Structures are given as C-alpha cells and as structure tokens.
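Here are a few exercises to work through with the model open beside you. Try each task before you read its solution.

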Amino acid sequence: MNQSAPIRVMVVDDDPMVITGIRGILEAAEGIDVVGSAASGEDAVAAAALHYPDVVLMDILMPGIGGIEATQRLLNSVRPPKVVALTSMSGDDHLFRILEAGAAGYLLKDIGPVDLAVAVRKVHAGEPILAPQSMRQVIAKVTSSPDRRLQREAESLLAGLTDRERQIAELVAEGLSNQEIAEETFMSLATVKTHLNRINIKLDTNNRVRIATMVVRARGR
C-alpha cells in the first residue's frame, strides 16, 4: 500500500534557537519533513522557490520585508504553500495583518511538541488552526473602520454564492470548524471542504479569515 508523501515544512524566524527547536520537534514527528529554513522574509521567498514546502511557519517581525509581505509573496507564487504565523502574543496588531494577508492561522512560539505536529497536519489538510475567540478578534480588528466601498464589493462577491455556499460562509464567520459545519448542515466533511474550495474561488480568498471578514463587511460592520 502506498503511503502518503510526508508534509514538507519550512521554518522562518530570525532567531536561530527558534528554528532549531521547531526543526527538532518536527523532524521527530512521523510524516513531516523540514525541508528548509530562513531568517528573513526575502530568504523565505527564495528558499520556498527551491524547496516547494507544503507548510511555512512564518515569524512576523524580521529583518527586510518581514513576515507579512513574505506571506503575500508566497501566496502569489506558482505553488503557494499554507502559511502559519509564529507569534509570541495572540493579540499583537501585526498578527491581525498577517492573517488578513492570507495566513491560514497562527501558533504561539511556546506551543508544545505534540500540539505543533498536530497543527501542521491540520493546516496541511485544510483545517483551521484559529480558535473561535481569535476569529472574532481578527474580524473585529479588520472591520473596525467600516468602508462603504469594501462593503459593496463584499456584497457583490457574496451574491455569486449559492444558498448553501452562503450558509457555510456565514458559519465560517461564526468561527465554526469544518466538522462543526458538517454537523450543523448535515453534510459530510468532504462535502464541506468542497464547498469551501468553491467559496474561496468565487470570493477570491484563500483562507477562513478572509471569508469571515468578507461576510462581516457585507453586513456593514
């Protein structure tokens, strides 16, 4: 029987001790390969073009372009990885910015070894690694200054969703996980993921945070 290919991970942080610690944890985890590391945003973009990681663990504040712009560049590349922000504080303003830029979630740097490996597997599988409370904080932050133009754009894009897709988008905005959405809508997990893929295509988004933000903007708040 063919085994699944290991998850290719790249670690980006300007602190070599952080890189060493995360590398050691993940290299001991089954089914995960650390294929590269970088200490700046520019180096991260260059290394990703060589190693094609599936998941990038990205520090936010680094020399050069930093983690936010590096995330944007990676997500616009030919083979965009899933990007997860590494942070020391869950309420940091820069964290909100990197999530809005397209990061799939965030991890605190003091996360335990088992939880780190689980988080990498979850984000690789398309699952959220953002708690409902954190989702609400992010939405409150990015929608704190209502913009009528952005509201109209969100309304227009959401109008292109089917009723079922709109329902799922609304549940994402409430912070529900894929499994919780499946239970709420009496659908299989695979069907929920298919709908989310279609929603991302129609809304030109690439993660749950941006879906949720668009839903809330369309509400006018």
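Helices here are DSSP runs of H or I with at least four residues, strands are DSSP runs of E with at least two, and both are numbered from the N terminus. This is a predicted model, where local features need pLDDT of at least 70, side-chain atom pairs count only at pLDDT 80 or more, and totals for chains, interfaces and linings use all residues. Residues are numbered from 1 along each chain as its sequence is written, and side-chain values use heavy atoms, with hydrogens and water left out.

**Exercise 1.** Find Arg166 and work out which helix holds it and which residues it touches.

*Solution.* Start with the helix: Arg166 belongs to H8, residues 163-173. Next, accessibility. Buried means under 20% relative accessible area, exposed means over 50%, and partly exposed is in between (1.4 Å probe, protein chains only). Arg166 comes out at 30%, so it counts as partly exposed. For contacts, look for heavy atoms within 4.5 Å. Leaving aside residues up to four places away in sequence, Arg166 touches Leu158 and Leu161. Finally, take Asp204, 38 residues away along the chain: its C-alpha atom is 15 Å from that of Arg166.

**Exercise 2.** Is Thr185 buried or exposed, and what does it touch?

*Solution.* First place Thr185 in helix H9, residues 178-185. Its relative accessibility is 5%, so it counts as buried. Now check for a polar contact, meaning a pair of N or O atoms within 3.5 Å; within protein, one must be able to donate a hydrogen and the other to accept it, and residues adjacent in sequence count only if both atoms are side-chain atoms. A polar side-chain atom of Thr185 lies 2.7 Å from the backbone oxygen of Ile181. Beyond four places in sequence, Thr185 touches Arg164, Gln167 and Leu171.

**Exercise 3.** Which residues of H1 are buried, and why do they lie on the same side?

*Solution.* H1 runs over residues 16-27. Its buried residues are Val18, Ile19, Ile22 and Leu26. They cover an arc of only 95° around the axis (taken from the directions from the helix axis to the C-beta atoms), which puts them on the same side of H1. The general rule helps here: an α-helix has 3.6 residues a turn, so residues three or four places apart point the same way. On the other side of H1, you'll find Pro16, Met17 and Thr20 exposed. The cover over the buried residues includes strands E1 (7-12), E2 (32-38), E3 (55-59) and E4 (82-87), plus helix H5 (113-124). Last, look at the start of H1, where a side-chain oxygen of Asp15 comes within 2.9 Å of the backbone nitrogen of Met17.

**Exercise 4.** How many residues of E3 are buried, and how does E3 pair with E1 and E4?

*Solution.* Five of the five residues of E3 are buried, so this strand is largely enclosed by the rest of the structure. Split them by face: Val55, Leu57 and Asp59 sit on one side, with Val56 and Met58 on the other. In general, side chains in a regular strand alternate between the two faces of the sheet. Now the pairing, which requires DSSP to find at least two bridges between two strands. E1 and E3 pair in the parallel sense over four bridges, with Val12 opposite Met58. E3 and E4 are also parallel, over five bridges, and Asp59 stands opposite Leu86.

How values were computed. Expected span 1.5 Å × (residues − 1).
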